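Biologist: Please pick one part of this model and walk me through it closely, starting from how its pieces pack together. I would like the geometry as well as the residues that do the touching.

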Amino acid sequence: MITLALSKGRIFEDSLPLLKAAGIEVLEDPEKSRKLIIGTTHPGVRVVLVRATDVPTYVAHGGADLGVAGLDVLLEAEGGLYRPLDLKIANCRMSVATRADFDYAAAVKQGSRIRVATKYTKTAREFFATKGVHVDLIKLYGSMELAPLTGLADAIVDLVSTGSTLKANHLVEVEKIMDISSRLVVNPASLKLKREGLRPLIDAFASAVEARA
């Protein structure tokens, strides 16, 4: 049995066409079912539903053979995973955003110490370090936009898709850190032990991504 770890929401929805191109369809809608392990039309493949941030952990420790996770999540996770494919789905960007009245460029130029709220502390630390910007990082898990509005932080580092959430909360995107997309990750041990089952699946994903491009 090959186990694929997916998270509910955009990544799950964007993964369905790729699975279908590989000849696999999920048998139940996770939004309507309370099951966390879902069968597929392929008797040797099942899907486990986990939190997006837990996908790398499940794959790294053998709870799943492969999974789909955003680059943002993978950069914060421990290493040791094989990343054969950029699936080019769930595209967005990681950016720095501030209140419209905060002069971010001036603060950076003057060498001011900036308070930054984010759940991506590892990525943010490395980004600001390469720029030589001094920051105090504040770890948050949600509602990032509140941090600058309440005075908790000067800026946030978060994912941005359309920018509408920032705009609704009177924040502006001041610097893009990187483009983000979802990647296929594979447990190295599984790739050796279940090579006959995994390799065709990885190749099918690759063909589907190439066809979409």
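**A helix pair and the sheet beside it**

Modeller: Happy to! The crossing of α1 and α9 is right-handed. Bear in mind that this is a predicted model. Two packed helices are described by the angle between their axes and by how far apart those axes lie. Here α1 (residues 10-21) and α9 (residues 195-212) pack at about 115°, with 8 Å between their axes. Angles of 65 to 115 degrees count as roughly perpendicular, and α1 and α9 are therefore described that way.

Now for the side that touches. From α1 come D14, L18, L19 and A21, which meet F205, A208, V209 and R212 of α9. The residues of this contact divide into six nonpolar and two charged, with no polar ones.

α9 also has a second set of neighbours. The helix lies across β1 (2-6), β4 (66-70), β5 and β11, and runs at about 30° to β5. Those strands belong to an open sheet of six, ordered β2-β3-β1-β4-β11-β5, with mixed pairing. At its edges stand β2 (37-39) and β5 (82-86), each with a single partner strand, so one side of each has no neighbour in the sheet. From one strand to the next, the twist averages 30°.

For a closer view of the β5 edge, follow its pairing with β11 (residues 182-186): the two strands run antiparallel and are joined by three bridges. Within that pairing, D86 stands opposite R183 of β11. In a regular strand, side chains alternate between the two faces of the sheet.

A residue worth visiting next is A60, in helix α2 (residues 55-60). Leaving aside residues up to four places away in sequence, A60 touches L81 and N187. Its C-alpha is also 8.2 Å from that of P188, although A60 and P188 are 128 residues apart in sequence. A60 is partly exposed, because its relative accessible area is 37%.

To finish, turn to β9 (residues 155-160). Five of the six residues of β9 are buried, so this strand is largely enclosed by the rest of the structure. β6 (residues 92-99) joins β9 through six bridges in the antiparallel sense, with M94 opposite L159. β7 (residues 114-118) pairs with β9 in the parallel sense over three bridges, and there V116 stands opposite A155.

Methods. Residues numbered from 1 in each chain as written. Predicted model: local features only at pLDDT ≥ 70, side-chain atom pairs only at ≥ 80, totals over all residues. Heavy atoms only, no water. Axes fitted to C-alpha atoms, helices over the stretch in contact; angles between N-to-C directions. Helix = DSSP H or I, 4+ residues; strand = E, 2+ residues; numbered from the N terminus. Parallel < 35°, antiparallel > 145°, perpendicular 65-115°, else oblique. Left-handed = near helix turned anticlockwise from the far one by under 90°. Contact = heavy atoms within 4.5 Å. Nonpolar A, V, L, I, M, F, W, Y, C, P; charged D, E, K, R; others polar. Pairing = 2+ DSSP bridges. Buried < 20%, exposed > 50% of the residue type's maximum accessible area, 1.4 Å probe, protein only.
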